[in-house]
Amino acid sequence: MRTILTAIVALFLSGPAAASPVELRGLVDAERPAGCNDYSFLFWDFYRAELWSDSAVPPGETFGLSLTYRSSFSRAELVDTSIEEMARISGRADSRLAEVRRTLLDSFRDVEPGDRISTWRVSEDELRLFVNGVETGVLTRDVDLFLDIWLGPKSRDQDGRAALLAGRCDD
């Protein structure tokens, strides 16, 4: 029964976005994402990313990034991949991101299709983290480096970055 419900939720969440995720309501007035992108490789769908911003030129100073997962990932996979990407982008050793790793380990959970991890960038030194609508932590170091995984000039997916920043949303 849980598998059927998970599939229904994942199908529902993969459709057009009609309102900001519940955790971002009251933080952003936009009714639609500023930009979206579906991340996949070959036949494997990873997640849908949505950039939420009220800025005329996204992302702006304060904004949200929401990832709705279409595959299962463990907390360790999410954290390890994030740290590896941050190290690659910055040229720093993984060990120099130990505090970020601790925060992400405390804040992330294993995800299944339909689960959502969202962030709200308050400032360059405060990023609120949410899992399925519940605030789970605050990142206070390397905030923009973390967001650069999706939004930075060294993002692995330049087409995805462009879609998020250019206001494209392929519903």
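Here is a chat between a visitor and a guide about this predicted model.

Visitor: Let's get our bearings. In what order do the elements of the chain run from the N terminus on?

Guide: The chain's secondary structure comes to five helices and six strands. Reading from the N terminus on, the order of those elements is α-β-β-β-α-α-β-β-β-α-α.

Visitor: And the strands, in what order do they sit in the sheet?

Guide: The six strands form an open sheet with antiparallel pairing. From one strand to the next, the twist averages 20°. As for the order, go across the sheet and you read S1-S2-S3-S4-S5-S6.

Visitor: Which strands are the edge strands?

Guide: Look for strands that pair on one side only. S2 doesn't fit that, since S2 is joined to S1 by seven bridges and also pairs with S3 over six bridges; pairing here takes at least two bridges. The edge strands are S1 (35-41) and S6 (134-139).

Visitor: Take the S1 end, then. Which residue in the turn between S1 and S2 has a positive phi?

Guide: S1 and S2 run antiparallel, and Phe41 stands opposite Trp44 in S2. The two strands make a hairpin with two residues between them. In that turn, the residue with a positive phi, about 55°, is Leu42.

Visitor: Is S2 mostly covered or mostly exposed?

Guide: Buried here means under 20% relative accessible area. By that cut-off, seven of the nine residues of S2 are buried. For the chain of 171 residues, the buried share is 44%. So by the under-20% cut-off, S2 is mostly covered.

Visitor: Trp52 is in S2 too, I see. Which residue in S3 stands opposite Trp52?

Guide: S2 spans 44-52 and S3 spans 63-69, and the two pair in the antiparallel sense. Trp52 also belongs to a second, separate nonpolar core of six residues, along with Leu24, Val28 and Ala30 among others. Its opposite number in S3 is Gly64.

Visitor: Over at the S6 end, how many bridges pair S5 and S6?

Guide: S5 covers residues 126-131 and pairs with S6 in the antiparallel sense. One place to look is Val131, which stands opposite Val134 in S6. The number of bridges is five.

Visitor: Now the helices. At about what angle to S4 does H4 run?

Guide: H4 (residues 143-151) lies across S1, S2, S3, S4, S5 and S6. Its angle to S4 (116-123) is about 130°.

Visitor: Which element supplies the largest share of the largest nonpolar core?

Guide: That core has 35 residues, and Phe146 and Trp150 have the most contacts inside it. S2, S3, H2 (75-90), H3 (98-107), S5 and H4 each supply at least two residues. Phe146 itself touches Ser82, Met86, Leu104, Phe108, Thr119, Leu127 and Leu139, leaving aside residues up to four places away in sequence. The largest share, seven residues, comes from H4.

Visitor: One last spot: with which side chain does the side chain of Asp142 make a polar contact?

Guide: Asp142 lies in the loop between S6 and H4. Leaving out residues up to four places away in sequence, Asp142 touches Met86, Arg92, Leu97 and Val100. The polar contact between side chains, at 2.6 Å, is with Arg92.

Key:
Residues are numbered from 1 along each chain as its sequence is written. This is a predicted model: local features need pLDDT of at least 70, side-chain atom pairs count only at pLDDT 80 or more; totals for chains, interfaces and linings use all residues. Side-chain values use heavy atoms; hydrogens and water are left out. Helices (H or I, at least four residues) and strands (E, at least two) are DSSP runs, numbered from the N terminus. Axes are lines fitted to C-alpha atoms, for helices over the stretch in contact, and angles run from 0 to 180 degrees between N-to-C directions. Contact means heavy atoms within 4.5 Å. A nonpolar core is a set of buried Ala, Val, Leu, Ile, Met, Phe, Trp, Tyr and Cys residues joined through side-chain atoms within 4.5 Å. Buried means under 20% relative accessible area, exposed over 50%, partly exposed in between (1.4 Å probe, protein chains only). A polar contact is a pair of N or O atoms within 3.5 Å; within protein, one must be able to donate a hydrogen and the other to accept it, and residues adjacent in sequence count only if both atoms are side-chain atoms.
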